[in-house]
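This report covers charged pairs, nonpolar cores and one aromatic residue. The sequence and structure come first.

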Amino acid sequence: MNRLFTTAVCGMILAGLPAIAQEVTGGALAFSHSALLDDSSLSKTGIDGQIVVGFGPSIAFQVDLGFNRLNFIDETTSNLTLHSIYNVTDQTSLGLFVGADRVAGESLDFVGFEVGQQAASFDIEAYVGYGEDAGISGTIGGVSGRYAVSDSFGVGGGLEHGDIGGLNVTRLSLKGDYAVAPKLALTAEIGTLDGSGFGASGSEAFVGLGGKFTFGDGRGATFGKRGLINLLPGL
C-alpha cells in the first residue's frame, strides 16, 4: 500500500505543475455529534476542515483534515485526505483522492476515484476506493446528494459501504440543513448503520446534529469527506 500511496501522491503533484497561479476557491469548517438511538454512549464527536486551492479554471487540490472522538472506546481518531481535482465544466468535477485514517496508533491508507455534479438547486457525488493496512485490505464507496428547497433550507441523503478486513459496514442516512446566516448552517441527520465483523452483527439507528461554515464559491468544498472512520455515525 505504501507504493500505491506514494504513486498517487506523485500523480497529484504532477497534475498541478503546469499551473501558473493559485488561489483559495472554497472550503468548510464543520462540527458534529452523533449517537446510536438505543445507546447514546455509543457516540462520536468531530471537527473537520476542508480547503480547496485552484490552479487555473480546471485544476484544483482539496485538503481535508478531521479529528473525531469515539466516546464508546475513549479514543481520538484523525483523518487526512488529499484530492486532486479536474473541473471538466463549471458543474462537473472528477477527482483522485488519497488519505489515511489513524486510530489507536494504527493507520489505514486509502486511495480512490470520485465524481461530482453541481447545479443551481442540487449537487450529487459518488466515489469508490481501496484501503489497506498490515495485510488487511478492502473497498469503500458511496453516493450522496443534496437538493436546495430554498435559499436557506436543503435536504439530502447518502449511502456508503465499506468492507475492509472482515469489517462490513453500510450506512444509509437522510440529512437536512438550515442557514441561520450567510455561509453558516445548522445540520441534522438520521439514519441506520448495518454492520458485521469481529463476532458481532446487526442494524442500529442513529441521529446527528452539527453546524457548518462554508466559504468561497458554491458549496465550499468540491468533494465530501472520505475514509472508513467517516462511515461511522456522524455528519
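## Partly exposed and buried partners

The model is predicted. R146 has a relative accessibility of 29% and counts as partly exposed, because it falls between the 20% and 50% limits. Its salt-bridge partner is D177, with the closest N and O atoms 2.8 Å apart. This pair joins distant parts of the chain, since D177 sits in strand β10 (residues 167-181) and R146 in strand β8 (residues 136-148), 31 residues apart. D177 is buried, at a relative accessible area of 16%, which is under the 20% limit.

## Salt bridges of R171

R171 pairs with two acidic residues, E160 and E189. In the salt bridge between E160 and R171, the closest N and O atoms are 3.3 Å apart. E160 belongs to strand β9 (residues 153-164) and R171 to strand β10, so this pair ties together parts that are 11 residues apart in sequence. In the salt bridge between R171 and E189, the corresponding distance between the closest N and O atoms is 2.9 Å. Here the link runs from R171 in strand β10 to E189 in strand β11 (residues 184-197), distant parts of the chain 18 residues apart.

How accessible are these side chains? R171 is buried, with a relative accessible area of 3%, and E160 counts as buried at 15% relative accessibility. E189 is buried as well.

## Salt bridges in the whole structure

A search of the whole structure returns seven salt bridges. Some of the charged residues form a network: E114, E125 and R226 are linked by salt bridges. Side chains of opposite charge can pair when their charged atoms come close.

## Nonpolar cores

Which residues make up the largest nonpolar core? The eight members are F97, L108, F110, Y127, I140, I164, L228 and L231. A second core, separate from that one, has five residues, including V52, A60, A221 and F223.

## Surroundings of F31

F31 is located in strand β1 (residues 23-36). F31 has a relative accessible area of 47% and is partly exposed, because this value lies over the 20% limit for buried residues but does not pass the 50% limit for exposed ones.

Leaving aside residues up to four places away in sequence, F31 touches T45, G46, L209, G210 and G211. One of these contacts, L209, is 178 residues from F31 along the chain, and the C-alpha atoms of the two are separated by 8.6 Å.

Conventions:
Residues are numbered from 1 along each chain as its sequence is written. This is a predicted model: local features need pLDDT of at least 70, side-chain atom pairs count only at pLDDT 80 or more; totals for chains, interfaces and linings use all residues. Side-chain values use heavy atoms; hydrogens and water are left out. A salt bridge is a side-chain nitrogen of Lys or Arg within 4 Å of a carboxyl oxygen of Asp or Glu. Helices (H or I, at least four residues) and strands (E, at least two) are DSSP runs, numbered from the N terminus. Buried means under 20% relative accessible area, exposed over 50%, partly exposed in between (1.4 Å probe, protein chains only). A nonpolar core is a set of buried Ala, Val, Leu, Ile, Met, Phe, Trp, Tyr and Cys residues joined through side-chain atoms within 4.5 Å. Contact means heavy atoms within 4.5 Å.
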